[in-house]
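Got the model open in your viewer? Keep the selection box handy, and we'll go from stop to stop.

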Amino acid sequence: MVWQGRLDAALQRCSSRPLGQLEPEVLTALRIGAAQMLVLGIPAHAAVSTSTSCTAGKASRGYVNAVLRALARTGEDQDAPPWTRLSHPESLYRRWESRYGEEGAASLMSWDNEVPPVGAYSSPEDGSGGGGRFLAGYRPLERSGQLASEGLPAGAYIQDEAAAVVAEGAASLPGRIVLEVGAAPGGKTAHLDRKAFLVASLEISRERLSPWLENSARLGWSSSVPVVGDGASLPFGKCDKIVLDAPCTSTGVLRRRPDARWRWSPQRLVQCVLLQRRLLAEAARTIRPGGILVYSVCSLEPEEGRDQAVQFEADFPSFRRIDYPAPAVLVRDGMVDIFPPEHEIDGHFAVAWIQEI
Ligand SMILES: C[S@@+](CC[C@H](N)C(=O)[O-])C[C@H]1O[C@@H](n2cnc3c(N)ncnc32)[C@H](O)[C@@H]1O
């Protein structure tokens, strides 16, 4: 929930018990009541009454009623720190503040709290695009109550334009036999499938492969084969191209994944960086000489992007960075580096190398 941090801070001021010690149903009822009052502007008496009547058990009902009434009286702390007002973990705010300054960190957090637009990519040849900020084949969709996806061409995949920029660039690089690592739910496959002879779409999570299979059936992917496996121990021979869309902290797409911010921690960042390094090393061993390696993440953290790329180049000097095929305004030092408040699309990082023969 986007506003969880802000709501919890407001509720904690009115609750005699630490929120972490409340029964989950009580906490949920409190959060719903607080969201109705503070975010949706629903009159306090209605919010209190709805949450109270939805709570089971006399004692719990009494507690929810008392806390929400207190919140209605006192409201939010007007001097709350920026990470509370803008509902992010403090450690993430501090890290962004040291990198972007107070104003930059606040504008990024505000961006994360916006309702994201929707859009779809399909090949520019089918004439359906033209409305994208950066891509000819991208088409923003209206959010008018119902998703206006009617009339989309058969192969259109709904995704943010930043994801489409990275995927389309990866697909346009040479390579007939392609291995995709971290394939589900298929945002990259939708692009690779159009251009490659064969795509092996490797994914460690069987569960996450279900939406991949649904997308494949719906969009008629004809070159791609799903494979359950671990990218850190690849069972393949040499490939022409590997597209590693690595697991990451997702700090570039927090407006689309509201819960990801509450999973953020410096420890999780370290775990992701180590896993990415292992996946990169394994991919490097599996590319044929002259082959292409693409690495991407939907994170803004340099450790997962730029620094990871520089470290890889030091560890594997036979890989030479090539200019990523993407609109020049999104590319720095040959790498896609998208900052949401500046480019007004999700934050993604991508880099491509060729293995010298
Ligand atoms: C960023 S997501 C991929 C998104 C996907 N490429 C798309 O564009 O729709 C990263 C994926 O990597 C998968 N993953 C994590 N660890 C992995 C591993 N060791 N081997 C293969 N896949 C892994 C995750 O389950 C997750 O689906």
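Two strands count as paired if DSSP finds at least two bridges between them. Helices (H or I, at least four residues) and strands (E, at least two) are DSSP runs, numbered from the N terminus. Before you click, know that this is a predicted model, where local features need pLDDT of at least 70 and side-chain atom pairs count only at pLDDT 80 or more, while totals for chains, interfaces and linings use all residues. Residues are numbered from 1 along each chain as its sequence is written, and side-chain values use heavy atoms, with hydrogens and water left out.

**Stop 1: strand E7**

Select residues 198–203, which make up strand E7. Five of the six residues in E7 are buried, meaning under 20% relative accessible area (exposed is over 50%, partly exposed in between; 1.4 Å probe, protein chains only).

Now add residues 177–181, strand E6, which pairs with E7 in the parallel sense over five bridges. Which residue of E7 stands opposite Ile 177? Look for Leu 198. To follow the chain from E6 to E7, pass through helix H8 (residues 189–195); this β-α-β crossover is right-handed. The term means that, with the strands pointing away from the viewer, the path from the first strand over the helix to the second runs clockwise.

Next, show residues 224–228, strand E8, which runs parallel to E7 and is joined to it by five bridges. Ala 200 has Val 225 in E8 as its bridge partner. Helix H9 (residues 206–219), together with E7 and E8, makes a right-handed β-α-β unit.

**Stop 2: an open sheet**

Here three strands form an open sheet in the order E2-E1-E5, with antiparallel pairing. Strand E2 (138–141) and strand E5 (157–158) stand at the edges, each with a single partner strand, so one side of each is left without a neighbour in the sheet. Strand E1 (residues 118–121) and E5 run antiparallel and are joined by two bridges. Pick Ala 120 and you'll find its bridge partner in E5, Ile 158.

**Stop 3: helix H2**

Select residues 24–38 for helix H2 and put a ruler on its end C-alpha atoms: they are 21 Å apart. That agrees with the 21 Å its 15 residues should span at 1.5 Å a residue, the expected span being 1.5 Å times one less than the number of residues.

Buried residues in H2 include Val 26, Leu 27, Leu 30 and Met 37. The buried residues of H2 pack against helix H1 (4–12), helix H3 (44–54) and helix H4 (58–74).

Zoom in on Arg 31, which lies in H2. Is Arg 31 buried or exposed? At 16% relative accessibility, Arg 31 counts as buried. Leaving out residues up to four places away in sequence, Arg 31 touches Met 1, Gln 4, Leu 7, Asp 8 and Leu 11, where contact means heavy atoms within 4.5 Å.

**Stop 4: the cysteines**

How many disulfides are there? With a disulfide taken as a pair of cysteine sulfur atoms within 2.5 Å, the count is zero. Try Cys 14: its sulfur is 20 Å from the closest cysteine sulfur, in Cys 54, too far for a bond. Cys 14 is buried at 15% relative accessibility, and Cys 239 is buried too, with a relative accessible area of 5%.

**Last stop: the domains**

Colour domain 1 (4–74), domain 2 (82–112) and domain 3 (160–355) separately; these bounds come from an automatic or database domain assignment. The C-alpha centres of domain 2 and domain 3 lie 26 Å apart. In domain 2, 14 residues are in contact with 18 residues of domain 3.
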